[in-house]
Every structure is written in C-alpha cells, then in structure tokens.
Amino acid sequence: MADTPAPEAVKPVEQPAAATAAATAGEDEAGEAGPSKKALKKAEAKAKKEAEKARRAAEHQASQAAAKAAAGGAEDLAKDSYGPALPTTKVDGPRAHLKHVDAALLGKTVKLRAWIQNSRMQGAKMAFVELREERDWAIQGVVAASAEGTPVSKQMVKWIGAINLESFVLVEGRIEKPLEPVKSVRVSDYELHITKCYVIARGPEVLGMGLAVSNRPVANFDDEEPAAGTDADVDAATKAVEAASLEPGAVLPGASMATHLSNPAMHKRSPVQQAIADVRMTTRKLFAEYLDSQGFNMFEPPCLIGAASEGGSNVFSLPYFDKQAFLAQSPQFYKQIEIAGGRKRVYCIGPVFRAENSNTPRHMTEFTGLDLEMEIEEDYVEVRDMLEATLLHIFRGLAERCAEQIALIRTVYPSDDFLLPPAGKEVRLTFAEGQALLRAEGPAEYRHVTDDEDMSTPQEKALGALIRSKYHTDFYVLDKFPEGARPFYALEDPADPRVTNAYDFFMRGQEILSGGQRIHDPEALVARIKKKGVDPNSPGIKEYVDVFRSAGVPPHGGGGIGLDRVVAWYLNLPSVHLCSYYPRTPKRLTP
C-alpha cells in the first residue's frame, strides 16, 4: 500500500565493547611490549562472535519491521470489527432480509445474519464470501482492506477468508452494485461490502456433506447406514466440493439417501429440500383450507390403540404397562366414530404406521395421512366427488402458490407439468373399464387381465400412461373396485355385489388415495366381517361393531390420502422419502 511506512533502516554494526576490552586486556598482559599473538587471536575471535550476534539481531529487527509494515502496522486497527461473537457484541444498522434487497437500500449500511456458503481470497487484501440467509437467498459479500487499516485491515480480510463453510455469522455492510451481476447467488444485482463480521456459530473444519452435494439429485435410495470409509461416491463428492466449492458451473456427484440422512443439518439446508418442504406444508394447508370451507370439522384421532386396526397383521406392537398396545394403521374407525357421534363432516391430519417390510421408493413405515369422512345423503358419489374436488383444489393451489419452489425443484429433479382435466371433464373410470383399456391398448403382458383381480403397481403405471395419452391428464379416479380387493367395512354395490362402492385415486399412474362407502348397518357389517374370514368378536373388531349397535349411524363414507405420495408424484420425484421430514423405513430409524 502506498501509505504504508517503509521498514526502518538497519543501523551499521558498531564495534562491540567486548572486543575493545579484550584488546585492552591483551595490552595489559603484554605490557609495554604490546599484545601477544595469543591475546590478539582471542580478541579477534570474540569480536567476530559478537559481530555475528549483532548482525542476526539486526536482521530479526528488520524482518519484524517489514512484517509490521506489510500488515499495516504493529496494531490491528480493525481488531474490534471481527472475531467470535460475544454476549456483548452489537451491530448497528437495520436488519436486512435478502429477499427484500432492492435499489432503495443502495449505499445504506445494514446488518445480516447468514451462513457462509462459499469463500475465496483475492490476494492478501480482498476476500469474497457468499452469505446465505435462508433457502437459496444468498448475496456476495466483499471484504477489502483499507489503506489506513480501518474499518477493514488485512488481518480482518485474512480472518474472514478463513472462516469455515456453513459457519453462522453476523455481518455489517453496505449494499452496493457489483460491476456485473453475480451469477453464483440469487441476489445477483447487489453485493454487500462488509465492515464487520462476527462468528456466532463456527462450522466444522470438514463438512460431512457440503451444500453443493446436498443440493444435487440423490444418487440412490438404499437407506442403510454406509460403512465408514466405504462410500466412494461421498468421498469423491467431498473432495470435489473442497476443490470447486460452489463455483458457477461446477458439476458435482450426488450422495446417497443414507448419507443425506446421516447429515441431517446439511440435507435440510439444501434449497431443493426446503422447496420440497414448502410444497408439502402448502399441500396440508390447502387440504384443511378447502374442507373448512365445505363445513368439515377437524378432529384428532389417537396413535396408540388397544387392538390392531382393521384386524390386520402389519402393525407395530409395544408394551403398554401390563398389556399390549399398537400403533394405528389408520384413523378409519375413529373417523366413523365421529360420524356416529353426530358430526356431519370431519377430517384429520396425522401420522399413520405400517409394519410392512417394503423397501421401495413408494413405501415408508410412518407417513402422514390426510383423511376425511362425511355423511351420505343420497349417493356415495357425494364423497367421491368431494375428495376429487379437494385434490383438484390442492393441485391448482400448488401451481399458483408454489410456482417458485416448483421451478427450483425442477432444476434438480426435472419433470413435466402435472396435467389436470378441464373443469367438468374429470376422468372417472370403473375398475372394469380400466382393465378393459389395458387389455385393448396396454402392453402385451396385460392383454388377459380380469375384472376381479386387483391391479399390481406395474399395471397401475401402464394404465396411467394410457390415460395421460388418451385423456391428457395425470389425475384420475378408478371406481367400483372388486369385492375381493376391499376390506370388510366396504359396502358392496347393491346392484352388483361383485363390486363395491369403493374407489382409488391416481397421480401419474400411482395410487394416492383409497376410500369408499362404509357399512353402517351392524348386522350387514358382521356378515361381511365373517365373509372376509375375520372373527367379529375379536379385540378391536367387536368394539368397532358395537359403535353401530349403540346408536343409529347414518350412511357415510370417506377416504385416506397419503400426503407424502401426493407431494412426490405431483413433483414427479424419484422417491417419497424426499418428501418426508424424517423418513422411517424398515432400515432407518434415525435421525
């Protein structure tokens, strides 16, 4: 720097006093005849030693002076403007939120709390850092040493440039326009000229998974814990992040789902996961919003129950004091109790548990159910159409409210728009019509499917592709499922007992809802329970039947929607695990 003082000149080495003393001693020893040769050699050696010592001291002094000059002087004039945050640390200036940064803030000093998502030094006097506040809202921060060492010194620049990635910091800076838009951050038209920086929470020296990797598509969904040091993909990804960080255009390998879940903080910090979470929560809100507008009442069913729901075997059991308890497979019975209790229309949102050892992208052992039940006045299609209208409200609401998040998600997981039928042209096929379409136009292996056998997952997907091509929709209903494919509480069609007043809803060829009309007459219910090979007096079933014997219960029906599947299939994601906050599978109970 031009104003930096030059190092002090090294003073000439003076003749050491010891040399003079030695010479004098020699003279005394020799007397008037002069110093002896021995005395002269001794004095010379001692003088050389002292001279070398003085030379080294002078060099050290010069070196120290040069270092001080290069650092801007012995004193760090900016020492109070950076460092670890203390309880007394305060930063003046209004709080800025990156999503609201605009031209009105140009030239103004603001404060920001953010994560360091990337940094690089530009020589010894300047550093660039990317500051991320939330989601993908990030701005480039510039810290440059002042000639006079204040408000920013070279020591401060070096310290900020060395802050570990994903450290949480409090900064003060001035909003300015960059020379050209900064492509690597979302707030590309502005930058923050940093004058203060304090670390509130320091990140680790090495991240288990970097932000760039966490925001890449998941490489595989085998959610078993990786053995230490054996995940070559993650090792390569980590090295790539360390080498390239978040440089624009850097293409980094993805990590496995196991690695994501073993690094939950970084998994959740990725902009794509936060966007998926936004879509998920908006789906919940739209479900409740629409049903509230239709006169439904929300209620809360229990998760702990005293007998296996629906008489099934795929339930989780656990000790409950001196007896056994189970985790609910469904709120089905409790929705019906609410109707029996005088409610006309009810819904609930809550966890559902399935003890199924299914390790597929479609299954989890715990998921969130969106359930409704309502009284039927004339025909069961009242319930079917209510469920259909609810889902259409959700789909249209997502397109409107989450357009930004959907666009971001598609940059990581590309997908086509979710096609919806025009109003009044919703696609509703009977199960038999769906099978007939598969026989007529589907793949060869489905040319002989029958109307009384349930559909497999591959059949459902093949039918979904046909319906998309034929009707230009990704959403449709299959109605009148065969009696053998429905549980004991499903009402058989009075006109054709081979089928039931039951339906499934599909998105992109995959089932996301199952429902129908329930049997509300206790004697008819007992007869069908026996037909299904279930003992009507078994624990849980008897109490269920007794509800209908205890008071007259009106005709009713409903359905259960898998929230995780709705989000996954709407976004066309490769797995429902991406849509769960903390997915539970047969192999995964953490975090």
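Modeller: Before we start, helices here are DSSP runs of H or I with at least four residues, numbered from the N terminus. Keep in mind that the model is predicted.

Biologist: Fine by me. Which residue just after helix 16 takes a positive phi?

Modeller: Start with helix 16 itself, where Leu563, Asp564, Arg565, Val566, Val567, Ala568, Trp569 and Tyr570 are buried. Step just past the end of helix 16 and you hit a phi of about 55 degrees. The residue with that positive phi is asparagine 572.

Biologist: And how many residues of helix 16 are buried?

Modeller: The cut-off for buried is under 20% relative accessible area. Helix 16 is mostly covered by that test, and the buried count out of its eight residues is eight.

Biologist: Which helices do the buried residues of helix 11 pack against?

Modeller: Those buried residues are Gln405, Ile406, Leu408, Ile409 and Val412. They span an arc of only 160 degrees around the axis, so they sit on the same side of helix 11. Their packing partners are helix 8 (271-293), helix 10 and helix 16 (563-570).

Biologist: Are helix 10 and helix 11 roughly parallel or roughly perpendicular?

Modeller: Helix 10 covers residues 381-401 and helix 11 covers residues 403-412, with axes 5 Å apart and an angle of about 80 degrees. Angles of 65 to 115 degrees fall in one class. So helix 10 and helix 11 are roughly perpendicular.

Biologist: What residues of helix 11 make that contact with helix 10?

Modeller: On the helix 10 side you have Leu398, Ala399, Glu400 and Arg401. By class, the whole contact has four nonpolar, one polar and two charged residues. The helix 11 side is Ala403, Gln405 and Ile406.

Biologist: Now helix 14 and helix 15: are they roughly parallel or roughly antiparallel?

Modeller: The axes of helix 14 (residues 522-531) and helix 15 (residues 541-550) come within 9 Å and cross at roughly 155 degrees. Anything over 145 degrees goes in one class. Helix 14 and helix 15 are therefore roughly antiparallel.

Biologist: How many charged residues are in the contact of helix 14 with helix 15?

Modeller: Helix 14 brings Pro522, Glu523, Leu525, Val526 and Ile529, while helix 15 brings Ile541, Tyr544, Val545, Phe548 and Arg549. Eight of the contact residues are nonpolar and none is polar. The charged count is two.

Biologist: On to the loops. Is glycine 342 buried or exposed?

Modeller: Glycine 342 belongs to the loop between helix 9 (332-340) and strand 11 (345-353). Its C-alpha is 9.7 Å from that of glutamate 375, with the two positions 33 residues apart in sequence numbering. The relative accessible area of glycine 342 is 55%, and the cut-off is over 50%, so the residue is exposed.

Biologist: And how far apart in space are proline 422 and threonine 473?

Modeller: Proline 422 is in the loop between helix 11 and strand 13 (428-430). At a relative accessible area of 49%, proline 422 counts as partly exposed. Proline 422 and threonine 473 are 51 residues apart in sequence, but C-alpha to C-alpha the gap is 9.0 Å.

Biologist: Last one, on the whole chain: what percentage of the residues count as buried?

Modeller: The chain has 16 helices and 19 strands. About 29100 Å² is exposed, with carbon and sulfur atoms supplying 53% of that area. Of the 591 residues, the buried share is 46%.

Terms used: Residues are numbered from 1 along each chain as its sequence is written. This is a predicted model: local features need pLDDT of at least 70, side-chain atom pairs count only at pLDDT 80 or more; totals for chains, interfaces and linings use all residues. Side-chain values use heavy atoms; hydrogens and water are left out. Axes are lines fitted to C-alpha atoms, for helices over the stretch in contact, and angles run from 0 to 180 degrees between N-to-C directions. Helices (H or I, at least four residues) and strands (E, at least two) are DSSP runs, numbered from the N terminus. Angles under 35 degrees count as roughly parallel, over 145 as roughly antiparallel, 65 to 115 as roughly perpendicular and the rest as oblique. Contact means heavy atoms within 4.5 Å. Ala, Val, Leu, Ile, Met, Phe, Trp, Tyr, Cys and Pro count as nonpolar, Asp, Glu, Lys and Arg as charged, and the others, Gly among them, as polar. Buried means under 20% relative accessible area, exposed over 50%, partly exposed in between (1.4 Å probe, protein chains only). Accessible areas come from the Shrake-Rupley method with a 1.4 Å probe; for residues, only the protein chains shown count as cover. The arc is that of the directions from the helix axis to the C-beta atoms.
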